[in-house]
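The following exercises are meant for practice in reading a protein structure step by step. Please examine the sequence and the structure before turning to the solutions.

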Amino acid sequence: NGFLITEWMNGMDFTAMTVGGHEFDWGEEWVRKNDELADFPFLGINVYSRDTDERVDYCQSSVVVDKDGVQIGIIGAIGNCYYSISAEQTKDIYFKTGAELTALVKAESEKLRSEGVDFIIYSIHDGFDQTDDSPIPVGAQALKSYYDTSLSDGFVDLVFEADSHYWYTLVDE
């Protein structure tokens, strides 16, 4: 049910956590219970209720932290990770991906910048398809299949991506 890990993360004084596929292994109810236990926000700008078509109440779009006077915004999202989640566990929710996700991140970035945020981190739980553990030469077109590089045009300063389990080398096409 994840309680032990959430309590450990509380003890480590986590700033935030971006939800990923395995948070839904036991169902949405357990994600909600862990969010209530957590001393930090769960981030998931694109986790939506099928009933209301609104973002779920246990996921925030972003969080702002102050580090020595520098305002840092963290935007969290889950990618198209349905392949790692039982369909039964996502029957009441869905993830906005692709162009919808890009639009959400851009709007949140603009909001954060208007509030004086100096630096924006995009924390996304997504994975680029990979079958072995060798470095992958990835061209711009392949990269765009799961990360819209227009986000790097002033919207996002740094990306932390989880779930790939491998590494890339960007190449010219």
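Five exercises with worked solutions follow; the model is a predicted one.

**Exercise 1. The overall layout**

Task: State how many helices and strands the chain has, and in what order the elements run.

Solution.
- Step 1. The chain contains four helices and ten strands.
- Step 2. Read from the N terminus, the order is α-β-α-β-β-β-β-β-α-β-β-α-β-β.
- Step 3. Of the 173 residues, 45% count as buried.
- Step 4. When contacts between residues at least 6 apart in sequence are considered, 74% of them join residues at least 24 apart.
- Step 5. The chain exposes about 9400 Å², of which carbon and sulfur atoms supply 51%.

**Exercise 2. The buried side of helix H2**

Task: Identify the buried residues of helix H2, explain why they lie on the same side of H2, and name elements that cover them.

Solution.
- Step 1. Helix H2 spans residues 28–37, and its buried residues are Glu28, Val31, Asn34 and Asp35.
- Step 2. These residues cover an arc of only 120° around the axis, and therefore they are on the same side of H2.
- Step 3. The general background is that an α-helix has 3.6 residues a turn, so residues three or four places apart point the same way.
- Step 4. The cover over the buried residues of H2 includes helix H1 (3–11), strand E2 (42–43) and strand E6 (93–95).

**Exercise 3. Pairing of the strands**

Task: Determine in which sense, parallel or antiparallel, E4 pairs with E5, E5 with E7, and E7 with E9.

Solution.
- Step 1. Strand E4 (residues 62–67) and strand E5 (residues 70–78) are antiparallel, with six bridges. Within this pair, aspartate 66 has glutamine 71 of E5 as its bridge partner.
- Step 2. E4 and E5 form a hairpin with two residues between them. In the turn, aspartate 68 has a positive phi of about 55°.
- Step 3. E5 and E7 are parallel, with seven bridges. Here alanine 77 has isoleucine 124 of E7 as its bridge partner.
- Step 4. E7 and strand E9 (residues 158–162) are also parallel, and they share five bridges. Isoleucine 121 has leucine 158 of E9 as its bridge partner.
- Step 5. Strand E7 (residues 119–125) is mostly covered, since six of its seven residues are buried.

**Exercise 4. The surroundings of valine 19**

Task: Decide whether valine 19 is buried or exposed, and describe which residues it contacts.

Solution.
- Step 1. Valine 19 is located in the loop between strand E1 (17–18) and H2.
- Step 2. The relative accessible area of valine 19 is 0%. The cut-off for a buried residue is under 20%, so valine 19 is buried.
- Step 3. Apart from neighbours within four places in sequence, valine 19 is in contact with residues including Phe24, Phe42, Leu43, Val47, Cys59, Ala77 and His125.
- Step 4. Isoleucine 78 is another of these contacts. The C-alpha atoms of valine 19 and isoleucine 78 are 6.4 Å apart, although 59 residues separate the two along the chain.

**Exercise 5. Salt bridges**

Task: Establish which residues are linked with Arg32 in a network of salt bridges, and what arginine 113 pairs with.

Solution.
- Step 1. The total for the model is seven salt bridges.
- Step 2. Glutamate 28 and arginine 32 form a salt bridge with an N to O distance of 3.9 Å. Both residues lie in helix H2, four residues apart, which is about one turn of the helix.
- Step 3. Aspartate 57 and arginine 32 form a salt bridge with an N to O distance of 2.3 Å. Aspartate 57 lies in the loop between strand E3 (47–49) and E4, whereas arginine 32 is in helix H2, so this pair ties together parts that are 25 residues apart in sequence.
- Step 4. Glu28, Arg32 and Asp57 are thus linked in a network of salt bridges.
- Step 5. The accessibilities in this network are as follows: glutamate 28 is buried at 18%, arginine 32 is partly exposed at 29%, and aspartate 57 is exposed at 64%.
- Step 6. Arginine 113 forms a salt bridge with aspartate 157, and their closest N and O atoms are 2.9 Å apart. Arginine 113 is in helix H3 (residues 98–114) and aspartate 157 in the loop between helix H4 (140–144) and E9, so that distant parts of the chain, 44 residues apart, are linked.

Methods: Residues numbered from 1 in each chain as written. Predicted model: local features only at pLDDT ≥ 70, side-chain atom pairs only at ≥ 80, totals over all residues. Heavy atoms only, no water. Buried < 20%, exposed > 50% of the residue type's maximum accessible area, 1.4 Å probe, protein only. Arc of directions from axis to C-beta. Contact = heavy atoms within 4.5 Å. Pairing = 2+ DSSP bridges. Salt bridge = Lys/Arg side-chain N within 4 Å of Asp/Glu carboxyl O. Areas by Shrake-Rupley, 256 points an atom, 1.4 Å probe, with all protein chains shown as cover.
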